[in-house]
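Colleague: I'm new to this one. Could you walk me through it, a question at a time?

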Amino acid sequence: MKKNKDIFSLPSEWISEESKQIVQSCREIVEKEIFPLRLELDEDWKDHKIYEKLLSKLMLDFGWQCAPWPKEYGGFELDTITYCLCLEEMDRGDSGLATAADCGNWAFLPILAPKPNEVLIKKFAPIACQTDKLFVGCAAITDERGGSDVENIDGTHGKYIATTAVLDGDEWVINGHKLWPTNSGGVADLFAVFCTTNPGVEDDESFAIIYVPADTPGVIQGPPYQKAGMSGDKNGDVWFENVRVPKENRANPKPGDDAIAARLFMNAGNIGASAQALGIMRNCYELVKEWCDKRVVGGKILKEHSMTAAVLADIAMTIEVCRSDTYMKARMMDNPEPYGIDPSGVEFLAKTRANKLFVTDQMTILINKAMDLMGSHGYAREGHIEKHWRDSKIISLWMGGRGLAKLDIARYFYDCKTF
Ligand SMILES: Cc1cc2nc3c(=O)[nH]c(=O)nc-3n(C[C@H](O)[C@H](O)[C@H](O)COP(=O)(O)OP(=O)(O)OC[C@H]3O[C@@H](n4cnc5c(N)ncnc54)[C@H](O)[C@@H]3O)c2cc1C
């Protein structure tokens, strides 16, 4: 029988030997550095004394900071499948930290795909691919007015984006107030600011993603919020007050292309969120297995009660099926041609939204089942399940939540016009 960690099916023919080694190194770092500290991490939500060290372990020692960048700059140019497998390992350990590490890279995707922006790649890749200094990105999407409206690219086409960018000579002047972005609260070095060049207008050409270094005059950050969990991810307010950056800092120079890049960015985010959920579910499987292998109830070990075995089967079944669809979507992203999809198109948006919403909903159900089986021990810090319970719920809520996910699905599959 395979070991617990490798027990769930994967499309092995899509995973190279090199990828397997990368994932194995990630697993080793997570098990050595994160697992032993897990019970101390939540108290560190504000100061990030431990988290800062752990983020460095992942971004620098493991080299995660290089993951998305082209090989010619020293990057790893990881494919989506390998990237997701690493995210699974990180989330087995701590999903807040995994979120910080993932979003630290995710913010750069709009300059890497679908149309690589050579000017900005040359500008940022050499800094990101250094291995002695953190270089963390932050995708500043959610406006004070709301998050879903910015992410509802195909329903509102930027109409309700509140953060503005005005071209003044060779510079963009940015004004706005963002909330919640991962790696705000003083962590990020560079913001990808989702904004509009024409407020109140429904037009993809006005949809802009502009890169702003965190130390630019006029960028002001508030302290991190205290949340139910996800302590490894700092989230706070960011104000942009007459912030000036060079014109070249727009992700895509041609108006309209930023909206396309934003859709691909959402698609990658959906698949990544599912991989995160899978990592959490796999760790719940490990924890609950260990518990039910030993705990004796009514004179026999817990897993030998048929009512327990039925729940354990549900847990394994959920992971098995969710993993299959997630790596199917990751494969489609990496190799779209045979599937006839455009990785930045509305069809793929609907399909990745469906995957993310389904997988994250299943995760929420699975964690509850795991906690039920573990009783009070599951509810206690020492049981580790309660951390996943608190950390995980947001994964189904971010990126426009359940509502926007359903709208994007219905719009594609049923031609609904609703927005
Ligand atoms: C840990 C964490 C990490 C985060 N990371 C980031 C990040 O990296 N970058 C970033 O910018 N933000 C981030 N966020 C914010 C998050 O993405 C937003 O909170 C989320 O997108 C929803 O936006 P909102 O809270 O403003 O809710 P709203 O947009 O106000 O939505 C409220 C409700 O309406 C539903 N809804 C959405 N659209 C429609 C519609 N058209 N019609 C009807 N109902 C609709 C939603 O599903 C939701 O249920 C993060 C938040 C947390 C807690």
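Modeller: Sure, let's begin with Phe135, which is buried, as its relative accessible area is 8%. Keep in mind that this is a predicted model.

Colleague: Which ring is Phe135 stacked with?
Modeller: The structure holds 15 aromatic pairs. In one of them the ring centres are 5.6 Å apart and the planes stand at 10°. Planes under 30 degrees apart count as stacked, so the partner of Phe135 in this stacked pair is Phe108.

Colleague: How many residues apart are Phe108 and Phe135?
Modeller: Phe108 sits in the loop between helix H4 (95–106) and helix H5 (109–112). Phe135 is in the loop between helix H6 (118–128) and S1. The pair links distant parts of the chain, and the separation is 27 residues.

Colleague: Is Phe108 buried or exposed?
Modeller: Its relative accessible area is 1%. Buried means under 20%, so Phe108 is buried.

Colleague: What kind of pair do Phe124 and Tyr211 make?
Modeller: Their ring centres are 5.9 Å apart, with the planes at 45°. Stacked needs under 30 degrees and edge-to-face over 60, so this pair is tilted.

Colleague: Where in the chain is Tyr211?
Modeller: Phe124 belongs to helix H6, and Tyr211 is 87 residues away from it. Tyr211 is buried, at 0% relative accessibility. Its place is strand S5 (residues 207–213).

Colleague: Which residues form one aromatic cluster?
Modeller: Both pairs we just discussed belong to it: Phe108 with Phe135, and Phe124 with Tyr211. Add Trp69, and the cluster is Trp69, Phe108, Phe124, Phe135 and Tyr211.

Colleague: On to the ligand: which side chain has an N or O atom 2.6 Å from an oxygen atom of the ligand?
Modeller: For Glu151, the distance to a ligand oxygen is 3.1 Å from an N or O atom of the side chain. Thr182 has a side-chain N or O atom 2.9 Å from a nitrogen atom of the ligand. The 2.6 Å distance belongs to Ser148.

Colleague: What share of the ligand's exposed area does the protein bury?
Modeller: Taken alone, the ligand exposes 990 Å². Of that, the protein buries 69%.

Colleague: Which element gives the most to the shell around the ligand?
Modeller: Strand S1 (137–140), helix H7 (148–151), helix H13 (394–397) and helix H14 (401–414) each give two or more residues. The top contributor, with five residues, is H14.

Colleague: Which domains does the ligand lie between?
Modeller: The shell has 25 residues, and they divide into twelve nonpolar, ten polar and three charged. Two domains both give residues to that shell, so the ligand lies between domain 2 (137–256) and domain 3 (258–414).

Technical notes: Residues numbered from 1 in each chain as written. Predicted model: local features only at pLDDT ≥ 70, side-chain atom pairs only at ≥ 80, totals over all residues. Heavy atoms only, no water. Near = heavy atom within 4 Å. Polar contact = N/O pair within 3.5 Å; in protein donor to acceptor, adjacent residues only side chain to side chain. Areas by Shrake-Rupley, 256 points an atom, 1.4 Å probe, with all protein chains shown as cover. Helix = DSSP H or I, 4+ residues; strand = E, 2+ residues; numbered from the N terminus. Nonpolar A, V, L, I, M, F, W, Y, C, P; charged D, E, K, R; others polar. Domains from an automatic or database assignment. Phe/Tyr/Trp six-rings, centres within 6.5 Å; stacked < 30°, edge-to-face > 60°. Buried < 20%, exposed > 50% of the residue type's maximum accessible area, 1.4 Å probe, protein only.
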